[in-house]
Structure formats: structure tokens, C-alpha cells
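Here are a few short exercises to work through with a model in front of you. Try each task yourself before reading its solution.

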Amino acid sequence: MKVNIGNVTSDSENFFEFGFKAKQPGDTNEDTDELKEVPFQLQISYVNKHKSQLLRVITAKMPCTKERSKAEEEADMALMGAHAIQSTAQISKQREYTMAQSNASSKKAWFKEQETTRGSQFTAVQAKLGATTISELACYAGVLQREQRDEAMTFGGDLSDDDCSEDLESKRQKKITIRSRTQKDSSANMMFAKSKMTTSAMLKK
């Protein structure tokens, strides 16, 4: 995975999701059922204040488990909430409004499931973080829905309908161009702010 993050500060946070590929016949890789930890490597290419191009490499191994309940018990609710909001905003910044709403919906479902299954064990902070994340995602999805309703009134239909066209890439670029030009300043500012969401910001809400 390669991501262009842009300018960063000491408060910047970026989140990533990963998953295992389904094992194919003949694969010689280690069986994921036997994994106790997962290796990660992060390569950061950046320019310092002296305008020198540098590369920093960070490696780590993180413990893993097949038990979803165990993993969720130890989940950092502030981190999960910041990631849910940040990822939804980043998708919408690519002008993929329907995809962003789908992402928001799946993240909300996870937080609601946690409330149902573990709510009685939550601390006051965890409960507040869960409720805040659900509220933030619902509000954000509402903004995107209003953008699409305005599109329907202006263009006679939702631009996302073009996603099913045979000329997919051409329609996608047209959609991006139109949405970039017609988007309200208020929603553009919200997208930018939410795409920079951090765990510390979540804890302050």
C-alpha cells in the first residue's frame, strides 16, 4: 500500500486497515490459522527542513488472535472512532459519496454491535466514544445525502448512478470534476476536517 499523506504535524494520525488474502491451492505461505503475530513494515519517505529526501523504516510484530471477541475487548474505542470518521471522509474526498455512506454504515453497525454485546462493560469514556462516533457518522452521511439530492435536482439524477455505466472510468472522472466544482464550501470544509480526525480529538468531544 502506498499513500501520499502530504504535510504532517506532531498531531497528525493516519489509520490503515488490512486483511489476509484467501489461501489458494499450492500456497506455501504460513497457515494463517497458526499465526501468533503479524509483521508490519512502514516506510516513510519525506523531505526535512534542509530539503533532503530521507527514508525512515519502522518494523514491528503485533500479536493476533482468531477470537474476535477477545480482539474487540481490547479495541481502543478512540482509535476505532477516529478511523471510522477519517476513512469515511477520505473516501468522500475522492467524490465517492455512495461508497463513503456505505463505509459509514458499516462502521456504525460495528459500534452499535459493541453497545449491544459489551455496553454493560463499557467505562463512561468508552460509552461516550461509541455514541459520539455513531452520531458523527450519521451526521456526515446526512451531509453526503444532501449533496446527492442537490445533484438530482441540478442534473436530473444522482451522479453515482454512472458507476454502473460501461465507460466506468470516463464517467468516474466526470463525476469527480462536477462534484469538485459544485460542492458546497460547508461540506468541503467538513470533509477536510474529518479526514484529519485523531484519537486525541475524539477524546475531547
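The exercises below concern a predicted model and move from confidence to helix packing and then to single residues.

**Exercise 1. Confidence**

Task: Find the mean pLDDT of the protein chain, and decide which element has the lowest mean pLDDT and which the highest.

Solution: Begin with the whole chain, where pLDDT averages 87 and 93% of the residues score at least 70. Next, go through the elements: H5 has the lowest mean, 83, and H2 the highest, 96.

**Exercise 2. Two helices together**

Task: Work out how helix H2 is oriented relative to helix H4, and which residues make the contact.

Solution: Locate H2 at residues 77-93 and H4 at residues 124-155. Their axes lie 9 Å apart and meet at an angle of about 10°. Angles under 35 degrees count as roughly parallel, so H2 is roughly parallel to H4. Now look at the contact itself. H2 contributes Met77, Ala78, Gly81, Ala84, Ile85, Thr88, Ala89 and Ser92, while H4 contributes Gln126, Leu129, Gly130, Thr133, Glu136, Leu137, Tyr140 and Leu144. Sorted by class, this contact holds nine nonpolar residues, six polar ones and one charged residue.

**Exercise 3. The length of H5 and its buried residues**

Task: Check whether the span of H5 agrees with its number of residues, then list its buried residues and what covers them.

Solution: H5 has 15 residues, so at 1.5 Å a residue it should span 21 Å. The C-alpha atoms at its ends are 21 Å apart, which agrees. The buried residues of H5 are Lys175, Ile176, Ile178 and Arg179. Their cover includes H4 and helix H3 (97-118).

**Exercise 4. Arg179**

Task: Is Arg179 buried or exposed, and which residues does Arg179 touch?

Solution: Place Arg179 in H5, residues 168-182. Buried means under 20% relative accessible area; Arg179 has 1%, so Arg179 is buried. Leaving out residues up to four places away in sequence, Arg179 touches Arg95, Glu96, Tyr97, Gln148, Glu151, Asp158, Leu159 and Ser160.

**Exercise 5. Val143**

Task: Describe the burial of Val143, its contacts, and its separation from Phe122.

Solution: Val143 belongs to helix H4. Its relative accessible area is 12%, so Val143 is buried. Setting aside neighbours within four places in sequence, Val143 is in contact with Ser187 and Met190. Finally, Phe122 is 21 residues from Val143 along the chain, and their C-alpha atoms are 30 Å apart.

Terms used. Residues are numbered from 1 along each chain as its sequence is written. This is a predicted model: local features need pLDDT of at least 70, side-chain atom pairs count only at pLDDT 80 or more; totals for chains, interfaces and linings use all residues. Side-chain values use heavy atoms; hydrogens and water are left out. Axes are lines fitted to C-alpha atoms, for helices over the stretch in contact, and angles run from 0 to 180 degrees between N-to-C directions. Helices (H or I, at least four residues) and strands (E, at least two) are DSSP runs, numbered from the N terminus. Angles under 35 degrees count as roughly parallel, over 145 as roughly antiparallel, 65 to 115 as roughly perpendicular and the rest as oblique. Contact means heavy atoms within 4.5 Å. Ala, Val, Leu, Ile, Met, Phe, Trp, Tyr, Cys and Pro count as nonpolar, Asp, Glu, Lys and Arg as charged, and the others, Gly among them, as polar. Buried means under 20% relative accessible area, exposed over 50%, partly exposed in between (1.4 Å probe, protein chains only). The expected span of a helix is 1.5 Å times one less than its number of residues. pLDDT is the predictor's confidence in each residue, from 0 to 100.
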